[in-house]
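Work through the exercises below with the sequence and the 3D view at hand. Try each task before reading its solution.

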Amino acid sequence: MSLRILIIEDNEQNMYMLSYLLEDKCQILQAYNGTDGIHLALEKSPDVILLDIQLPGMDGYAIAGELIKNPSTRGIPIIAVTSYAMVGDKERIMKAGATGYIEKPIDPDNFISQMISFLPENLVNKMNLP
Ligand code: MN
């Protein structure tokens, strides 16, 4: 039973990179916007959500707000993955409900360990780690 992870990211290259880094360790669900992301979260109950902040339409703050508001998605850890490295943005997304924050550009050598640092042990144990 492997970890189910939902990636909400509008940039093709970032989606490719994240999926590439995770595909042998997790089961991946992809959404390119907030509407699809929330829909998939409700339908598939992923274990974790990786959330971009800058998205067309609903942004990451709004998406986190919706996910937290809904009792069926409230318990899913949200890890923000964003190039918004401005002062205050980390605080803002954490306040919106994220449990962790990883800055872009994605560091392929460290991404998995960064992600793991924000996950409870029971979820880490569901990953197919070497
Ligand atoms: Mn984006």
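The exercises that follow use a predicted model.

**Exercise 1.** Find which protein atoms are the donors of the manganese ion, and where they sit along the chain.

Solution. Step 1: the protein donors are Asp10 (OD), Asp52 (OD) and Gln54 (O), at 2.0 to 2.1 Å from the ion. Step 2: along the chain, these donors have the spacing D-x41-D-x1-Q. Step 3: Asp10 belongs to the loop between strand 1 (4–8) and helix 1 (12–22), while Asp52 belongs to the loop between strand 3 (48–51) and helix 3 (60–69); the pair is 42 residues apart and links distant parts of the chain.

**Exercise 2.** Decide whether Asp52 is buried or exposed, and classify Asp10 by its relative accessibility.

Solution. Step 1: buried means under 20% relative accessible area, and over 50% is exposed. Step 2: Asp52 has 3%, so Asp52 counts as buried. Step 3: Asp10 has 32%, so Asp10 counts as partly exposed.

**Exercise 3.** Work out how the buried residues of helix 1 are arranged about its axis.

Solution. Step 1: list the buried residues of helix 1, which are Met15, Leu18, Ser19, Leu21 and Leu22. Step 2: viewed down the helix axis, these residues fall within an arc of 165°, so they line one face. Step 3: the face turned away from the buried side carries the exposed residues Glu12, Gln13, Tyr16 and Tyr20. Step 4: look for the partners of the buried residues, which pack against strand 1, strand 2 (27–31), strand 3 and helix 5 (111–117).

Terms used: Residues are numbered from 1 along each chain as its sequence is written. This is a predicted model: local features need pLDDT of at least 70, side-chain atom pairs count only at pLDDT 80 or more; totals for chains, interfaces and linings use all residues. Side-chain values use heavy atoms; hydrogens and water are left out. Donors are N, O and S atoms within 2.8 Å of the metal (3.2 Å for Na, K and Ca); water is not among the atoms, so sites may look incomplete. Helices (H or I, at least four residues) and strands (E, at least two) are DSSP runs, numbered from the N terminus. Buried means under 20% relative accessible area, exposed over 50%, partly exposed in between (1.4 Å probe, protein chains only). The arc is that of the directions from the helix axis to the C-beta atoms. Contact means heavy atoms within 4.5 Å.
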